[in-house]
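Hi everyone, thanks for having me. Today I'd like to walk you through a few features of one structure, so please have a look at it with me.

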There are 2 protein chains.
Amino acid sequence: MKIIEEKNSFKIEYNSKILIEHSQQSPFAFAGSGDAEYKMYRGNFEIEDYLESRVPLKYFQIEEEANYSLITLKSSREGGLSLKIKAGLVAGRLKLEFLESSSGINRLWLRLAADQEEKIYGCGEQLSYFNLRGKNFPIWTSEPGVGRNKETYTTWQADVKDKAGGDYYTTNYPQPTFISTKKYYCHLESTAYQDFNFKNDDFHELEVWNIPDYLLFETGESYLELVEKLTAYLGRQPELPEWVYNGLILGIQGGTDFVLEQKEKLKENGVELSALWCQDWQGVKHTSFGKRLSWNWEWNQELYPELDQKLKELKDEDIRFMGYINPYVLEGKSLYQEAAANDYLAYDSEGEIYLVDFGEFYCGVVDFTNQDAFNWYKEVIKENLIDFGLDGWMADFGEYLPTDCVLSNGKSAEIMHNAWPAIWAQVNYEAVKEAGKLEEVLYFMRAGFTGNQKYCTLMWAGDQSVNWSLDDGLASVIPAALSMGMTGCGLHHSDIGGYTSLHGNIRTKELFMRWAEMGAFTPVMRTHEGNRPSENFQVYNDQEAINHLARMTKIYKKLSKYIKAAVKENTEKGIPVQRPLFMHYEADQKCYDLKYQYLLGRDLLVAPVYQKEKDEWEVYLPEDKWIHLWSGKEFNGGEIKVKAPLGQPPVFYRKDSESRQLFEEVAEI
Amino acid sequence: MKIIEEKNSFKIEYNSKILIEHSQQSPFAFAGSGDAEYKMYRGNFEIEDYLESRVPLKYFQIEEEANYSLITLKSSREGGLSLKIKAGLVAGRLKLEFLESSSGINRLWLRLAADQEEKIYGCGEQLSYFNLRGKNFPIWTSEPGVGRNKETYTTWQADVKDKAGGDYYTTNYPQPTFISTKKYYCHLESTAYQDFNFKNDDFHELEVWNIPDYLLFETGESYLELVEKLTAYLGRQPELPEWVYNGLILGIQGGTDFVLEQKEKLKENGVELSALWCQDWQGVKHTSFGKRLSWNWEWNQELYPELDQKLKELKDEDIRFMGYINPYVLEGKSLYQEAAANDYLAYDSEGEIYLVDFGEFYCGVVDFTNQDAFNWYKEVIKENLIDFGLDGWMADFGEYLPTDCVLSNGKSAEIMHNAWPAIWAQVNYEAVKEAGKLEEVLYFMRAGFTGNQKYCTLMWAGDQSVNWSLDDGLASVIPAALSMGMTGCGLHHSDIGGYTSLHGNIRTKELFMRWAEMGAFTPVMRTHEGNRPSENFQVYNDQEAINHLARMTKIYKKLSKYIKAAVKENTEKGIPVQRPLFMHYEADQKCYDLKYQYLLGRDLLVAPVYQKEKDEWEVYLPEDKWIHLWSGKEFNGGEIKVKAPLGQPPVFYRKDSESRQLFEEVAEI
């Protein structure tokens, strides 16, 4: 690291890259204050900030110490606002620690040097954009929204009826971490509300609503090296349990009899099953939204008689059983009462238990900042889930921490809100780890923040609408997987068939089949019945779709050797299983703008069909020797068109791949 | 005026009211800079500001001079940003002139002392809110929007299809002037983009995107006194031409034969007519929006053969003829060519004539900052309109000045944009005045800004949707009239029947009839066929509606003696013809929140029915002796319900009125 100081300006250079350029006209930092109002309605936030001040910290003073530099930034030569930063290398990383600041500062804007051609990736799970340049991205965990595009009728209806339409940036999993094509990663350590603005030609601007702990950079020679370094810092996910590769995790509900009946039917029809995932294992509740769960996390013997026994029988036929939990407890039920009696729930400002509206029912928030409550919930997971015999679960939610609740650790809920998903992941992680089941149990989450890399075994893309929309349908899970990979979470999957059926969107058979095709080329295959199972297409009711699914599960299973190796790479090096093309074709500028294609591992190129009624598809292939999986036709790169009827998703493998024989076998399925 | 100075704070007191309270925690002014991007699509603006800085000017120094005080505000004791203000009384008004400021400042925020209970009115023509407290109001002239409420389907469709949905604050006529219930008026002299924020309990904040010339205050003992003082400052409208009171201005199109035929039919059926208003007198053009005009301002002999002669014959039967003009000239036509040849049109940054998209056709912008162009357009009005024999016209538009055009006076079009409507009014005013026709000719405008008070003979409420929506239908013209009155424009009227028929909104007979009922109790009655005449209800095709309209014109005509006196009050004192109830019932707190009722002059209370299928209506009456016009029933005030079938709009007169006999006669019609 080098600080190049001139009369009224300085630059911070790190591994020959200029990362920060300070001048009086364009200072590194602006400081100020604001007063935000957060309105939450069922996980959807309306945040309005009254900006009181934003003062350029134009003046600076740099003191060189043995191992670091002390930079003092000031708004005027003589006094005014000031900010002290300790800049230096820590374990090879460039770290800018924010040491002291004038009182009253609760907004900070940090400018990083940018090039006009530079592109940006990451910021957690981004469903509408992969290259983030040209837009700003608020970093605030929330419901992702239904529609997520103010120009769609679905979004408008969701906004008007439920304040739930969302926008291009709304996500369950935002994270203040990104990778630049200048070949560095940047991470801002803060859980406050942030807004990363990549609109400007000459600088990026990171807005944060507190004084963050530090800003961290590392450079790399390649994107492979960058994700490896990033995950060395953030942590990496363990490998997936071996049983996952047996086939599909079937999302199904309805009680022991129904579930086993469908399992049998699918199995007889050749569907390879790895697990039954029954989120209603703990009971159901019906609301106007659809079928919901009972939120008191224990086996519901009425709906699932003999489940304790059936679990074992299923395991004998190599099928696991998965359940569901989230970090809230339903008002009045046994877990709620236990938590309330022990002071484990968050309070409101009046000292009453804070009840959160989840849509026609209310729940308490287990206060994980209270170590006793944290431990208690781990025990709930161990006893009610693991000991009962579950091999995994959806660890749902985490985005709903109300900003006005009162927490045991005394910190503002505005600051804890973003931290919550990762703490929720940690609760699960520790429970599983302490049970000694880290390579046997699989839990998957949609919510996330810095820390999920270490604490969450698998991410899923959240609740897509059951349609073809770019921002909220099948297509959106592709940039989601890719941006997640660039944030250090390399294991991703989605609800095959989508989830949200509202405002006239009803899942079609075609959508299900296209989604299943894509799912076969991701680390994990799992279906979901959706929020309104009876109104939407369900695979077990249709022979053609069952056959299609059976074939896709065989493909997935056949591929598992290859996928497993990619998963191992993710565990060992943080290289995501689903990768953007530029990760292996850095010189090809076209690859940087592809958001609906990906590499699965090193040697497979997947370009899912995300529009309806297509039987051919346009694909971009970087220069290499590619073989079209189904036709065996060879391509050397470029923009091509291939036949892509149902059952033949556009997939290509590298002719020089060591797995070529495996791919040829897959093509025969 | 008194400046009360303490150690770190000062207050400005004026006529015993504290208007400004400066402290380090809440300074009077913040200064900074921003970089705005204005995108215009057919008069609808998307304005995005990148705020670079906002610095509190915490420190001050006050020097007392003979007739004024010199206040210097600074961001730091020693230097930083500074702003010099000359504060003193000028003609009894408190004037704060902005003398000097640090270079680079292009954003200023000014805080005024506020009370929690205070209410605010004015800011030009506001169609969604009358009391502006609790919201912010951008001051930027534009299309008002179709729907104007993001929760309506009409608005969503207009946004998606044409970026034209608008919002609660979008208006043709904004103005940085308001009246507070602390009994002062405030006017900020600037034509830059502004945003007046009335959301805070303790202060109002006026944001302005340049250094304004001055901030002006005056206080009054009553609202009557306040509007009198305000209009003494801003100017007042002349009285309406006598012929206006003859009855309805019939909005009709289609050529000499059709127009005279309908005139005859209506006349035979007892409709009192004062004028025919034929906006297509200069020809038509059909677009996907509907029927548009030809934008080359001269008599179209093809569509209106013999109009020169017919005008005279009409005048003989006491019916005037009105036309249409706007400040743009259609590409390629004669006026455009003349203007282009003489350098009268605004240019783009490349030096080419700036062509503005008006929806499937393009026009040049007559550059009124070029005195020659200004004079030329006056001559066009004199020769083509007045000399031809028109007795009035719609002086349409004025809101479309593109912010990136290049003007002759060298000023930024961002600064001139808001000024344009008032300059356009002035062009009309001078043309009419120079022709010696100020009390004979009537032109009416929708666009406005500071200056319209002096230069525009009559405002109309712009293009409502032909529906019952609060923000864009019949109801919206009531707050529009009231807020206009509180901004110094006391003559208002609207298109009877509404105008915009898009996105499934089709005018019904009932809507037309309710609108006509309301129109009879405004200064001017005028109908409009709307943008798609053939698809919408037209009065001349329906006998019942003709009879209803006939009766309403007789009522209007009968009332004219009373209305005329109110119009005279407006000309002499600036007291608006349509008044909020609190203007005469200051002690009644309920009156301050009524936005859909008004007083017509002193003695009539009008509560238009603005919902469909009603035959009774709730009305609030302040304490007084009121007589219901139709039933003769007497009320002493309070919330009451009256029968209100079609033909009996809820109207009440004061029992003690000097015009009681006239009202009794009206009731007999």
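Let's begin in chain B, where strand β23(B) pairs with strand β25, residues 362–365, in the antiparallel sense, over three bridges. To find your place along this pairing, look for B:Val329, which stands opposite B:Gly364 in β25(B). Before we go on, please keep in mind that this is a predicted model.

Now, what is the order of the strands in the open sheet? Following chain B across it, you meet β23-β25-β24, three strands with antiparallel pairing. The edge strands are β23 (328–330) and β24 (355–357) of chain B, and each of them pairs on one side only. From one strand to the next, the twist averages 45°.

Next, let's move to a pocket. The second largest pocket has a volume of about 1000 Å³. Its lining is made of 46 residues, and the closest to the pocket centre are A:Val55, A:Ser75, B:Val55, B:Pro56 and B:Ser75. Which elements give two or more residues to this lining? They are β4 (29–41) and β5 (44–56) of chain A, together with β4 (29–41) and β5 (44–56) of chain B. Sorted by class, the lining has 14 nonpolar, 24 polar and eight charged residues.

Last stop: an annotation. In an unreviewed entry, UniProt places the feature "domain: Glycosyl hydrolase family 31 C-terminal" at residues 574–657 of chain A. In the model, this span of chain A is 0% helix and 35% strand, and its end C-alpha atoms lie 21 Å apart.

Thanks for listening!

Note on methods. Residues are numbered from 1 along each chain as its sequence is written. Chains are lettered from A and ligands numbered from 1 in the order in which they are written. This is a predicted model: local features need pLDDT of at least 70, side-chain atom pairs count only at pLDDT 80 or more; totals for chains, interfaces and linings use all residues. Side-chain values use heavy atoms; hydrogens and water are left out. UniProt positions are given in the numbering used here, feature names are shortened, and annotations may be inferred rather than shown by experiment. Helices (H or I, at least four residues) and strands (E, at least two) are DSSP runs, numbered from the N terminus. Two strands pair if DSSP finds at least two bridges between them. Axes are lines fitted to C-alpha atoms, for helices over the stretch in contact, and angles run from 0 to 180 degrees between N-to-C directions. On a 1 Å grid over the protein atoms alone, a cavity is a set of points where a 1.4 Å probe fits but cannot get out, and a pocket is an open set with protein on both sides within 12 Å along at least five of seven lines; lining residues have an atom within 4 Å of a point. Grid points are joined across faces, edges and corners, and a volume is the space filled by probe spheres set on the points. Ala, Val, Leu, Ile, Met, Phe, Trp, Tyr, Cys and Pro count as nonpolar, Asp, Glu, Lys and Arg as charged, and the others, Gly among them, as polar.
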